[in-house]
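Ready to practise reading a protein model? Grab a pencil, open the viewer and try each task before you peek at the solution.

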Amino acid sequence: MEFRLLGPFMAVDGDSRLELGRRKERCLLGLLLLEAGRVVPRERLFELLWDGRPPASARAALHTYVTRLRGGLSAHGVQVVMKGDGYLVEVDRASVDVHRFSAALARARGIADPLDRAAELEEALRLWRGQLLADVAGDGLRERLGTALEDQRLEALELKAEADLALGRAAQAAGQLAALSQAHPTRERLVELLMLARYRQGRQVDALAAFRALRERLVAELGVEPTPQLHALHRRILTNDPELTAASPVAARRFLPRSVPGFTGRREELLTLDRIAREQPDSSTTVVIGAVTGLGGVGKTALAVRWAHLSADRFPDGQFYVNLRGYSPGEPMRAAEALTQLLRALGVAADRLPSTVDEAADLYRSLVAQRSVLILLDNALSADQVRPLLPGGPRNLVLITSRDKLSGLVAIDGARRLTVAELTEADAFELLRHVLGRSRVEAEPEATRELSAWCGNLPLALRIAAATLADDPHQTIADYITDLRNRDRIAALAIADDPAHALTTVFGQSYRHLSEVDGRLFRLLGLLTSGDFSSAAAAALADLTVPDTEAALTRLSQAHLVTQERPGRFGMHDLVREFASGLAPGDESHAAMRRLATWQLDRLAAVAEILPGFRVRLSVSTSAPFPTEAAATSWLEAEADTVISALTCYTKAGWHDDVWHLAGLLREPLRRSGRADEWNTVAQIGLDSAIEVGDGYGEAYMRDMLAGCYQDRRMIAEAVAEHRRARALYLQVDDHLGAANCADALGVLHQQLGDLVEAEQLHGEAHAALGYLEDPILGTHSRIHYGTLLGRLGRLTEAAAQFRLALAGAAAINDLFLACFAHHNLAFALLRMQRHEEGARHARAEIELAQLAGSLDRAARGWEMLGDCLFDDDHPQAMEAYRRALELYERQRDSQGEELRHRIDRPR
C-alpha cells in the first residue's frame, strides 16, 4: 500500500488506485498520514479541516469521515484507530511519499560522493508531482502545512545543483537554477549556485548579472545587502579566479562507480572492511591491502563499492577505480593500460605519460605516496596482475575484488582476505522485497523464500529472477517458480537484453580460465548430487590419483568453484554444480559414473568384510580391505550420502545389479542411523533393480530390507507381508539363514500384534535354525527377540537369561548396536522385576555404548529407559533423563518424542 501526498492525493495498492470518497475525507486521511504513526488530536483536526471555524456538527462529521475511511481502507490492511482524544493511521511511514522524501533528504545530507548524492536526490525529487495535497487542501491549509516541506524541497534542489556542479554538469545545473531563482528571487543560495554554474559555462557576464539583479531586489525590497559569501564570489568571478573553473579537487578525484541500488545486508562484511582499513601498516612505506574474494555473482563488487562510498571521507585525496577485466569476455587488462588509466585520473596529461610500465608505476607511486587515497581494483584475475598496481604509501589503501583467493597477495604482500558468501535467507528476502516491492513480496512470503532458495541466495541470481518478475507484474511469484521447475535453471537465470550478466556467462568466465585437467574435473563434479563429496570419490569419478585430485580440488577452491568443507571433503554451490553438470559430454559422464559405481561397490564390499551385520552376498571381492573397523565406519559415514544420491543415476543407466547390491550394503548404516525415509527409498530402488535383473536372492534380500524399514516405522501389516514374501524367496534360493532371520522378524511382529502363540512358534523355528546354522549375529538377535517374548509371557527370569546371553554374543562379535538392544531389553526386564538399580545400570550402559556408536536413536531410548528405572526412587533424576531423551527424539523428528512429552507433562 502506498500513499502519495506530494501532488494530487493518491492511494495505491499494487497496480490499483483506491477511490476513497469525498474531498473532505481524503483531506482528513492526508492530515493523518502527514503524522503517520502518531495521534492527531481531534481539536487540531477540527481546526485544519474547517480553517479554524469548525461547525457545531464537526464532531459528528469527523466521526462519519473516519467511519467511511475505515470501510475503504480495512480491506487493504490499513487501520484508522482512535486513541485518547484523537486519531492515528497505522501504516509504515515508508509507504507515505512525504516521509520517504524527508528520509531521502536526510540520507543525501550525509553522502560525501556527489554522484551518489545526486542519484539519491534525483530519486527523492521525483516523488513531487505538484503541491502538497493539491486536489484536497485549500490554499490556507496548504500554506500552514506545506511551508516546511517546501523548504525541504528547495534544499534538495540546491544540494542536487551542488552535486551536479561537483560532477562537471554546469549546463544542466544552470538551466534548473535559472528557473528556480525566478520563482524564488531572494533566495541567496540559489543565486550563488546559479552564478557559479553560469561562470563554469563561460558566461561571466550572465553570472555577474545574476548577482546584480539579486542585490538590487534585496536593497529595494528589504534594505539589506547580499551575504559576504556572495560578495566574495562576485569578486572572484570579476577577477576570473582559476579555482572557480572546475569542480573541487576532492570531487574531481572521485572515480568510484555508482553503488548498486537496493544494496542489502553484508553488515559483518562491511565491519570487517572497516577493521582492515583501520589497521596500521608495519612501516612508513607499507600500504594496507584488502582482498574481497568469492564466487562469481556473489556480490563482491557491490560490497566493495558500497564500502568505498561509505568510507569516502577517510580518503580526502581521492578514490580511484579500475576494472581489471580478469573475468570478462575479452582479455584481462594489462598493467600498462591500468597504470595509464590511474595516471590520467591523477591529472597527468596524455603527453606526459611515461613510455614504459616501470616508469609509469614509479610515477604513479610517487603521486600517491603522501596522499590519503583509496584504490579499488575490481575483477582481478591473479596476484601477478595486481602487483604492478600496488602503491607504497602508508596512507594508501588498496581494495581488490577477485574470484581467485589471491593467496599470493596474502602470503607475500600482507593482504587481508575477506571471503564473501551468498546472502543469508533474511537478506535475500529483503533484496527481493526491494526489487519487487513490499506489497508483492509480502503477499507471497513463502513463495518468496522458495524463490530465494531456488536462487541459492546468490545476489546475481536473485536480481535476475526479480527483474524477470518485475517485467511481468501480473505473474505471481508462485507461478514463476512453477514455470522455472520445468526449465533449465541456469539458462532461465538470464535477462534477454543483458547476456553479459547471465549466470551461464558469469560462471563460464571462471570456467574458461581453468586448465584442461581442472576443467575436466570440474565438469565431472557436477554429476555428484550429494551435499558434499570426498577427494577419494572425486578421484574415482575422474580416474585420477587421490593426490592429483586433491591438488586439482585445491586449485578449484582457489577459484571459488568448490569449497572445502573440512579436510578431505568439498562442496559446490547448487547453481555452480548445475552449471558444471551441463558441460560434460554424455560419453564422458557415463564413463565417470561407471567408475564411481565400481569404486563405491568395491569400498562397500570392504566395509561388509570387516563390520558386523552386513549379510548381503556379493559377486565382487574388494581390492583393498580396511585395516580397522574404525576406518571402515569412518568411510561409511563419509560416503553413504554420495552412494544414495547416485543410485537414481545408476538406475537410469541400467546398472541394476550394482544398484541392488549397493542398496543392500546401505541397509545397516541406514538402520543404525535412524534415517527411515532414506532407508525406505533406497530399499524400494534396490527391490525394483533386483526384480529387473531377475535375481531371486537380491529380491529376497531387498524385500527383507524393506520389511525392516516398515517394521521400524510401525507399519506392521506391510512388514508382515514383505517378510513373508522374503522368507519364501530365501527358501527358493536355499538361503536358510535368510529364511530363519525372516521367521525371527515375523515372530517379533506377531508379538506386536498380540498373537503370542504364533510368535512363540516362529521364534522357536528361528531359534533352532540359527543355533544349527551357528550365525553369531543373527543368533544374538534371535535371543533378544525370544527374550522379549518370554517377558511378555511373564517369564521374566528366563527372559533376563536370554538377554544376558545376547550381551555375551554381542561382546563376542564386538557389535555395539546389538549390545545396546540387549542392555535395553535386560533393563526393561529388571524394571518389571522391581530391580530398579540394576536396571538403571544397564540403561546407562546402553547410553554409553550408543554414544560410542554414534546412534542418537539408541541413546534416546537409553535415556528414556533410565528415566523409567529411576522414576520411583529418584523422580528429579528421572525427569532429567526424560528431558535428555526428548531432546534426542526431537533432533531426529521421532514421533516417540510426542509420547514422551505427554508423560513428562502428566502430573505425578
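## Exercise 1: Cysteines on their own

At 0% relative accessibility, Cys-709 counts as buried (buried means under 20% relative accessible area, exposed over 50%, and partly exposed in between, with a 1.4 Å probe and protein chains only). Before going on, note that this is a predicted model, where local features need pLDDT of at least 70 and side-chain atom pairs count only at pLDDT 80 or more, while totals for chains, interfaces and linings use all residues. Residues are numbered from 1 along each chain as its sequence is written, and side-chain values use heavy atoms, with hydrogens and water left out.

**Task.** Find how many disulfides the whole structure has, and work out why Cys-709 and Cys-820 have no bond to their closest cysteine sulfurs.

**Solution.**
- Step 1. Start with the rule: a disulfide is a pair of cysteine sulfur atoms within 2.5 Å.
- Step 2. Search the whole structure with that rule, and you get zero disulfides.
- Step 3. Look at Cys-709: its closest cysteine sulfur belongs to Cys-742 and lies 15 Å away, which is too far for a bond.
- Step 4. Do likewise for Cys-820, which is buried at 0% relative accessibility. The closest cysteine sulfur is in Cys-869, 15 Å off, so that is too far for a bond as well.

## Exercise 2: A strand in the middle

**Task.** Decide whether strand 7 (residues 288-294) is buried or exposed, and find the strands it pairs with.

**Solution.**
- Step 1. Know what you're counting: strands (E, at least two residues) and helices (H or I, at least four) are DSSP runs, numbered from the N terminus.
- Step 2. Check each residue of strand 7: seven of the seven are buried, so the rest of the structure largely encloses this strand.
- Step 3. Sort the directions. In a regular strand the side chains alternate between the two faces of the sheet. Here Val-288, Gly-290, Val-292 and Gly-294 point one way, Ile-289, Ala-291 and Thr-293 point the other way, and all are buried.
- Step 4. Find the partners, remembering that two strands pair if DSSP finds at least two bridges between them. Strand 7 pairs with strand 10 (residues 396-402) in the parallel sense over six bridges, and five bridges join strand 7 to strand 11 (residues 416-420), also parallel.
- Step 5. Zoom in on Gly-290: its bridge partner in strand 10 is Leu-399, and in strand 11 it is Arg-416.

## Exercise 3: Two three-stranded sheets

**Task.** Give the strand order of the sheet that holds strand 1 and of the sheet that holds strand 12, and name the edge strands.

**Solution.**
- Step 1. Recall that strands of a sheet pair through backbone hydrogen bonds, either parallel or antiparallel.
- Step 2. Three strands make an open, antiparallel sheet in the order 1-2-3. Strand 1 (2-4) and strand 3 (16-17) are the edges, each pairing on one side only.
- Step 3. Strand 1 meets strand 2 (residues 10-13) over three antiparallel bridges, and Arg-4 stands opposite Met-10.
- Step 4. The other sheet is open and antiparallel too, in the order 12-14-13. Its edges are strand 12 (532-534) and strand 13 (563-566), each with pairing on one side only.
- Step 5. Strand 12 and strand 14 (residues 569-571) run antiparallel and share three bridges; Asp-532 stands opposite Gly-571.

## Exercise 4: A pair of helices

**Task.** Describe how helix 29 (residues 586-610) and helix 30 (residues 629-653) pack.

**Solution.**
- Step 1. Two packed helices are described by the angle between their axes and the distance between the axes. Axes are lines fitted to C-alpha atoms, for helices over the stretch in contact, and angles run from 0 to 180 degrees between N-to-C directions.
- Step 2. For helix 29 and helix 30 the angle is about 145°, and the axes are 9 Å apart.
- Step 3. List some contact residues (contact means heavy atoms within 4.5 Å): helix 29 brings, among them, Met-593, Trp-599 and Arg-603, while helix 30 brings residues including Trp-635, Glu-639 and Tyr-650.
- Step 4. Sort by class: the contact has 14 nonpolar, two polar and three charged residues. Ala, Val, Leu, Ile, Met, Phe, Trp, Tyr, Cys and Pro count as nonpolar, Asp, Glu, Lys and Arg as charged, and the others, Gly among them, as polar.
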